[in-house]
Amino acid sequence: MVENVVETDTVPQGPRPRRAFSRTNIMLYGTLIVVALYYLLPLYVMIVTSLKGMPEIRLGNIFSPPLEVTFEPWVKAWSTACTGINCDGLSRGFWNSVRILVPSVFLSIAIASINGYALARWRFKGSELFFSILIVGAFIPYQTMLYPLVIILREIGLMGSLWGLVLVHTVFGMPILTLLFRNYFTAIPEDLHKAARVDGAGFWGIYFRIMLPMSLPIFVVAMILQVTGIWNDFLFGVIYTKPDTYPMTVQLNNIVNSVQGIKEYNVNMAATLLTAAVPLLLYFVSGKLFVRGIAAGAVKG
Amino acid sequence: MTAQDSQVNSVEVHDLDLSFGALEVLKGLNLDIPQGEFLVLLGSSGCGKSTLLNCIAGLLEVSAGKIFIQGKNVTWAEPSERGIGMVFQSYALYPQMTVKGNLSFGLKNQRMPKAEVEKRVARAAEILQIEPLLKRKPGALSGGQRQRVAIGRALVRDVDVFLFDEPLSNLDANLRTDLRVELKRLHQRLGNTMIYVTHDQIEALTLADRIAIMKDGVIQQIDSPKGIYNKPHNRYVAGFIGSPSMNFIHGRLARHSDTWMFEANNLTVPLNKYDFTTTPEPDMPVEFGLRPEHIALGDAATSQPVQSSIVVELVEPMGADTVVWSELAGTEFTIRTDSDTSVSHGDQHPIGFNPSRASIFSADSGMRV
Amino acid sequence: MPTDAKRPLRIFNNLSAKIASIPMILTVLVVFVGGTAWTVVHSFTKSKLLPKLNFVGLDQYERLWSTRRWLVSIENLALYGLLSLVFTLIIGFFLAALLDRKIRGEAVFRTIFLYPFALSFIVTGLAWQWILNPDLGVQQVVRDLGWASFELNPLNNPDTVMYGILVAGLWQGTGLIMVIMLAGLRGIDEDIWKAARVDGIGTAKTYLKIIIPMMRPVFVTALVLIASGIIKLYDLVVALTNGGPGLSSEVPAKYVINYMFRAQNLGQGFAASTMMLVSVAIILIPWAYLEFGGRKRG
């Protein structure tokens, strides 16, 4: 009895008052929902516009859902939209981008991961110096290196070709990827590396047999980083390729911002969505890893 | 090294220097380890003990000096060519390989025939009793099991010298004691030379044939555990070994007629039973070191050659025995006594000790007198 | 007699690592150091269609700083840069703080705020160009609702065009800063919040006086990130306005590319790109000194 009395005196009885609809919570969720709607708005507008016919766009409201859904703009954007004299749609740019993307991602990750591994575990005289310049290089505006690269590509006969662009992406992807891999490999206990050396494994043996199998997550992160970055690139594409080899972003800009003809907003939006599809899909599928990738790419040093 | 040396040392280190830039980590270090010895490198962190081990293993490039293993100059040899096996603190098991894969990785790198690999793995697994674990991956093992596998990886190499880099530090206290005993048993069974790095003095005292105590890249003393404990060469070794650590009383040596005396504030100790290492000088400033466990408290004190008394300031019961904190001759003074003695704060008690068990160090050089 | 092993030659030491690093060394030496130096050297020449070493001293720079197009570019970048820096930091931190209040559906909100970052600047630019379209976009929708004098046509007005670009830029980039800030907030010890509660400090005050000062490194990272993005501003302008109306939304990066690849006046392009390099150095060197020089001493 005595114990009970004490308890009622000091501890509030019953469940804690529910605070789900407190003023703070309403404001918190209210703000979040409004902001979220704002962020979603452009995507929504692009989608509804791409599904409308031109007459409906001219008469109607940019926000209203399509009265009559049509996929014609998508078909046109993909296969017959014109850039200059070429009228085979975005498909050409899409396949160019794929052909640029696959070797660029592979090559840049292969080189950067080996660099990072050498920098983490096999330092030699000068390796840290090169690494420091590499990281400083990440901050140099691309504009100061654009023309020398034009000359280099011309000299080795790759100017205007897909492989030239692959090389450019490999070079400019190197600082951030090397940093990413170096930090990851440095965090793997050094004892493991020592044990493998006692076991008689050398530079390549340790890389392929020990480090690589342990590092799948970081390879996925690097892949996400590169796929998004290379797919979205415009600057290098516009400079180092020619109309035949333009990547998708360049072709998209040419289609939408071409001055000739009447503007077909529905086709334009379909084309824009088509170009956005690859990174968006990757983003929604990879979720947390994507966040890790950009955070890793962002948080330097 | 000459041919007439009848007994080849298992490991020899000659005048080893190692520096990283301006930082000298090891300085002119010499070390001979006879065949089959269990040598422990002991010291606090940063003393260079792990660095020395890594040099012997070939994982660090030395700046100067030579290293011989089984009579072969291996100073510039690859780690895998030195005839060593190594066990690491963090186990360093390859996470993506099974236990069997971990054990056989090194042998496969040597392109050893499959049958021989199987035989060696089986033998190591039998010795360490890890046969049921062979198909598992390290992630599915407990800390103790992982460390066994790590030892197994050294074992399969069938080498003469085993190197251990703080192998038990990551384990909890009970497991550490168990594995310590097992390691000692393993050494008795195999008879290999073992070099073992640790900062844990209990591990060192229990395992070692000889202990090398290191500080600032220099070996301070290399001796049997008993020698290190009873006759520390210098003040550092004396203070490092033993817990609670040795009591040190500052004072001077004086000579009265034929007897040397130690004199401090209000304490005079005749040293006729003390075994001097060097010739003492009159009026020499010294530190008089006395281990807490070599001091008798209460009734037992009367039978000791030197007697005094203390006032108890603090009592720390530690189970098997009790540590009494007090003051003697103006310095902090601890006494270790068995837990049956009843002492409490503020009591005055007689104490007694035998100067032959003391250690005296020159206050200037820190060396044993 | 033990054989006396010889110390191996230095070059062969670690040979595989050196071979493996050749691509990195080439990139650093040829592209980063060599390319930059080449451009700087050629900015002092009269190069037109082809790069030539006919030095003219500072002529290109004098011309650059007397060209209206360049001056507009610099002004635009300064305006865009300042506003983008301030708003990205504020919005990014604000969103992160909201998401850090242990809310339900955090993952959904985070996904929504971050998705624009997955899109290219070209896509971003084209989407906002359409939304801000004066005839069919938001302006028309509001006018149709009865507010006939409503005006939202930033892209076709020289005075407001940079703000239009800013809106698109913020939409694309704030999510990234939010993620970084959120990671920073998550890195703060839970006990700090408990201590603040025990001390009776309000939420807003805790953020302002305790949390934000603790997040200094995160803010520095975000700052460097936003700043390096600002200098690169190019694709977004090309997609939204292509520099128009007139010259009113030109930016330095675009100036460089125009002179190098369209106007065939290489010397001008090199001088402009060298100026970009100098401005980056002016921002980065004090920062690097504070961050790394200070750390060594501390």
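Visitor: How do helix H5 and helix H11 of chain A cross, and at what angle?
Guide: Helix H5 (residues 91-121) and helix H11 (residues 216-232) of chain A cross at roughly 140°, and their axes come within 10 Å. Helices here are DSSP runs of H or I with at least four residues, strands are E runs of at least two, and both are numbered from the N terminus. Axes are lines fitted to C-alpha atoms, for helices over the stretch in contact, with angles from 0 to 180 degrees between N-to-C directions.

Visitor: Anything I should know about the model and the numbering?
Guide: This is a predicted model, where local features need pLDDT of at least 70, side-chain atom pairs count only at pLDDT 80 or more, and totals for chains, interfaces and linings use all residues. Residues are numbered from 1 along each chain as its sequence is written, while chains are lettered from A and ligands numbered from 1 in the order in which they are written.

Visitor: Back to the pair. Is the crossing of H5(A) and H11(A) left-handed or right-handed?
Guide: H5(A) and H11(A) make a right-handed crossing. Right-handed means the near helix is turned clockwise from the far one by less than a right angle, and left-handed means anticlockwise.

Visitor: Which residues meet there?
Guide: From H5(A) you have Ser97(A), Ile100(A), Leu101(A), Ser104(A), Val105(A), Ser108(A) and Ile109(A), and they meet Phe219(A), Ala222(A), Met223(A), Gln226(A), Val227(A), Ile230(A) and Trp231(A) of H11(A). Contact means that the C-beta atoms of two residues, placed from the backbone, lie within 7 Å.

Visitor: And what classes of residue are in the contact of H5(A) with H11(A)?
Guide: Ten are nonpolar, four are polar and none is charged. Nonpolar covers Ala, Val, Leu, Ile, Met, Phe, Trp, Tyr, Cys and Pro; charged covers Asp, Glu, Lys and Arg; the others, Gly among them, are polar.

Visitor: What about H2(A) and H14(A): how are they arranged?
Guide: Helix H2 (residues 23-50) and helix H14 (residues 265-286) of chain A pack at about 125°, and their axes are 8 Å apart. H2(A) and H14(A) are therefore oblique to each other. Under 35 degrees counts as roughly parallel, over 145 as roughly antiparallel, 65 to 115 as roughly perpendicular, and the rest as oblique. The crossing of H2(A) and H14(A) is left-handed.

Visitor: Who touches whom in H2(A) and H14(A)?
Guide: H2(A) brings Met46(A), Ile47(A), Thr49(A) and Ser50(A), and H14(A) brings Tyr265(A), Asn266(A), Met269(A), Ala270(A), Thr272(A) and Leu273(A). By class, the contact of H2(A) with H14(A) has six nonpolar, four polar and no charged residues.

Visitor: New topic. How many residues do chain C and chain A put into their contact?
Guide: Chain C gives 72 residues and chain A gives 68 residues. On the chain C side, helix H2 (residues 22-42) of chain C supplies the largest share, 13 residues. That side divides into 52 nonpolar, 15 polar and five charged residues.

Visitor: How is chain B divided into domains?
Guide: Chain B has domain 1 (11-239) and domain 2 (243-362), with bounds from an automatic or database domain assignment. Their centres, taken over C-alpha atoms, are separated by 38 Å. Five residues of domain 1 and six residues of domain 2 make the contact between these domains of chain B.

Visitor: Now the strands. What does E1(B) pair with?
Guide: Strand E1 (residues 11-20) of chain B runs antiparallel to strand E2 (residues 23-33) of chain B, joined by seven bridges. Two strands pair if DSSP finds at least two bridges between them. Val11(B) sits opposite Ile33(B) in E2(B). E1(B) also pairs in the antiparallel sense with strand E4 (residues 64-69) of chain B, over five bridges.

Visitor: What's in the turn between E1(B) and E2(B)?
Guide: E1(B) and E2(B) form a hairpin with two residues between them, and Gly21(B) in the turn has a positive phi of about 60°.

Visitor: In what order do strands E17, E18 and E19 of chain B sit, and why are two of them edge strands?
Guide: The order is E17-E18-E19 (chain B), in an open sheet with antiparallel pairing. Strand E17 (314-317) and strand E19 (331-338) of chain B each have a single partner strand, so one side of each has no neighbour in the sheet. The twist averages 25° from one strand to the next.
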